[in-house]
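Me: Could you take a close look at one part of this protein with me? I am new to reading structures, so please go step by step and connect the pieces.

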Amino acid sequence: MYSTRLKIIFGLVLAAFTLLVIRLGYLQIFESAKYSGISKKRLLRDAPVPARRGNVYDRRGRPLAVEEPAFDIMVSYRNLRYAQLRSKGVLPPPLSKIKAHKDLSAGCDSCHSDTGLWVPKLAKLLDLTPRQLLSQTEEIINRVEKIKAHVQMRHKRTVRIQEEFAPHAMLRNAPIQKAAELEMHQDSYPGVSLRIRPKRYYPYRDTASHIIGHVGKPTREEIQDARFALIRGNGNDEELRYYMGLVSSPNQSVGRAGIEGYYNLELTGNPGRTVEEISLKTREVDKTIFDMPPSHGNDLFLTLDLDIQRLAEKLLGEKRGAIVVLDTYDGGVLAMASYPRFDANTLGADYNRLAKDPGKPLLNRPIQALLPPGSTFKIVTALTALSSGKIDLNTHFNCSGAVTLGEHRFRCNSVHGSVDLARGIEQSCNVFFFNTARRLNNRTMNEWARKFGFGSKTGVDLPYEASGSVPLPKYTGERLNTAIGQGELLVTPLQMAQLLATVANDGILLRPHLLKKIVTDAGVTVLEPETPEPQILEEISEEDLLAVKAALRQVVISGTARRKGLKELGVAGKTGTSQIGGTNKNHLWFVGYFPFDSPRYAFCITLERTTGHGGSVAAPIAHDLVSGILDIEQTNRKLAARENKLH
């Protein structure tokens, strides 16, 4: 059922077109004698007016995706045709029968000087030779003639098609200097015009490209599906308006990935429409009969902080991996860096190369890279065992460097002697967690991993998020591997950042999100989404959480991330190194939050297929990330204080 608002919209559109039909009917029926023969000299052109797609901004209002004007240099088909014929010294049959055209000694300039004047002038403007411009003209005319031949064959009669009355692009996306030159000296370029159309532009090029996404043209299938949806009335008001726009203006941009894709309905405006009367003699517009202006799309403000995003991307450099930073207060995504990246401004031209790149630059690693988390997963194993009552804070296991299970030896990174939970996390002792896993059963480990969000999507407002994989171990050996983040356990960097935010928030699991607010073209806020309902892990005691958090703090003081400067920055965290079988490469991790005594940020750093360990390679990056965020905080406080003083 259509809602009242949609009925009003349909009513207004229907009323406008009804008036148009009545007027046309009146002219054709009641004044047919007066206008007899005029229909053979006039043509109605019904054309959509594109709507501006909404812009995307970061949390401080800096533009990440905007609509900017693109300039196309157009030439009327009449002038294209005459230029082609003049270059060949021939005339079309209808013109060759005219008496004035039988004597060509004077040349066409005697009465058609404007039809060829544009060629040398436009060629000079576009830095082309006249021959190159005429070659391009030939291609356009051949294309139009093929379309015309097909239409005439279908209708079995001579027809005039719309392409014969429309201007055609000789240069798309013309530089603004050339567009300005043409606009200023329009009279010097007969038959040449400037078309201004909206074009999607990403000011910071590849920055946050996976988050912002990109746009493309709708496919035939999408337009057909939109028609069926309108016929059946499938969808809410917003969806039906979008389908109407897609059907009436099939050249509009459609979001394909990232925020552009996820919030495509909110960003897409409703195109307008004009009906114009064109003279068949001059092929120019005589008057506008109907004009309905477009309504523009809404603007989006994200939780993303451009400064933190650029810092994270700078720290990744050319290292394949991801960095995620979350706001522990509400789960807002402050940064989600991925490398390799792509420039959405040139994605169309670069797509084939990017798709074949073994580095997978089109992969949004924070939500799509599935990797074993290594020792960072020991946080989950520890809280699972404590909450299940299988160990307590005084449980000790002796580490001699390995444990034996049947014929297999499961090794540790060192010989630690007697180890309790705090030291097991601090020194990342595998043996402690192997013995802990022996006390757990397979189903308990699987269920607790899922309680922390693993094995399912976080629900972040981005398309194509991966769920990861939480195995249900069948054998004790598989359970031991899972306990230290190896084996078939696969997670995303965003899931690990969410885990650290959950620990920092004392067992409150928040859903990560990117949308901060939606604002209309007129600047009116229409939606400020509430913080998603958190999930409280009530089974975890406050005492156990405090113990794990204290151990994570010790990791940077005297553990596997010591002497990296993280202690002085107030960080608590965990290193991780997941081995890749048959190679000397590892996936390196560092996850953490800060300030440890009053957490504000949670983060995850992942480096794929590299040498070294999480403590030696990822932890120094964590230091620079935290230090940079604190500097950004300080700068923002100074700017805010200055603005308050001015006001």
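Reply: Happy to! Let's begin with one side chain: Phe603 is buried, with a relative accessible area of 1%. Since this is a predicted model, everything here describes the prediction.

Phe603 has a ring partner, Phe590, and the two form a stacked aromatic pair. A pair of aromatic rings is described by the distance of the centres and the angle of the planes. Here the centres are 6.0 Å apart and the planes make an angle of 20°; planes under 30 degrees apart count as stacked. Phe590 lies in strand β22 and Phe603 in strand β23, 13 residues apart. Phe590 counts as buried too, because its relative accessibility is 0% and the cut-off for buried is under 20%. The two rings also belong to one aromatic cluster, made up of Phe590, Phe594, Tyr601 and Phe603.

Now step back to the sheet around them. Strands β22 and β23 are part of an open sheet of five strands, in the order β12-β11-β23-β22-β21, with antiparallel pairing. Why do β12 and β21 each have one side without a neighbour in the sheet? These strands, covering residues 333–339 and 572–579, stand at the edges and have a single partner strand each, so one side of each is left free of a neighbour in the sheet. From one strand to the next, the twist averages 5°.

At one end of that order, β11 (residues 321–327) pairs with β12 in the antiparallel sense over six bridges. If you want a spot to find on screen, look for Ile323, whose bridge partner in β12 is Ala337.

Next, add the helix. Helix α22, residues 614–646, packs on the sheet and touches β11, β21, β22 and β23. Its direction makes about 145° with that of β23, the strand that holds Phe603.

Finally, here is the wider setting. The protein has 22 helices and 23 strands, and 48% of its 647 residues count as buried. Phe590 and Phe603 are both among the buried ones. A search of the whole structure finds ten aromatic pairs. Another of them joins Phe397 and Phe432, and this pair is edge-to-face, with 5.3 Å centre to centre and 65° between the planes. Those two rings sit in strand β13 and helix α17, 35 residues apart in the chain. Phe432 is buried, with a relative accessible area of 0%, and Phe397 is buried at 11%.

Key. Residues numbered from 1 in each chain as written. Predicted model: local features only at pLDDT ≥ 70, side-chain atom pairs only at ≥ 80, totals over all residues. Heavy atoms only, no water. Pairing = 2+ DSSP bridges. Helix = DSSP H or I, 4+ residues; strand = E, 2+ residues; numbered from the N terminus. Axes fitted to C-alpha atoms, helices over the stretch in contact; angles between N-to-C directions. Contact = heavy atoms within 4.5 Å. Buried < 20%, exposed > 50% of the residue type's maximum accessible area, 1.4 Å probe, protein only. Phe/Tyr/Trp six-rings, centres within 6.5 Å; stacked < 30°, edge-to-face > 60°.
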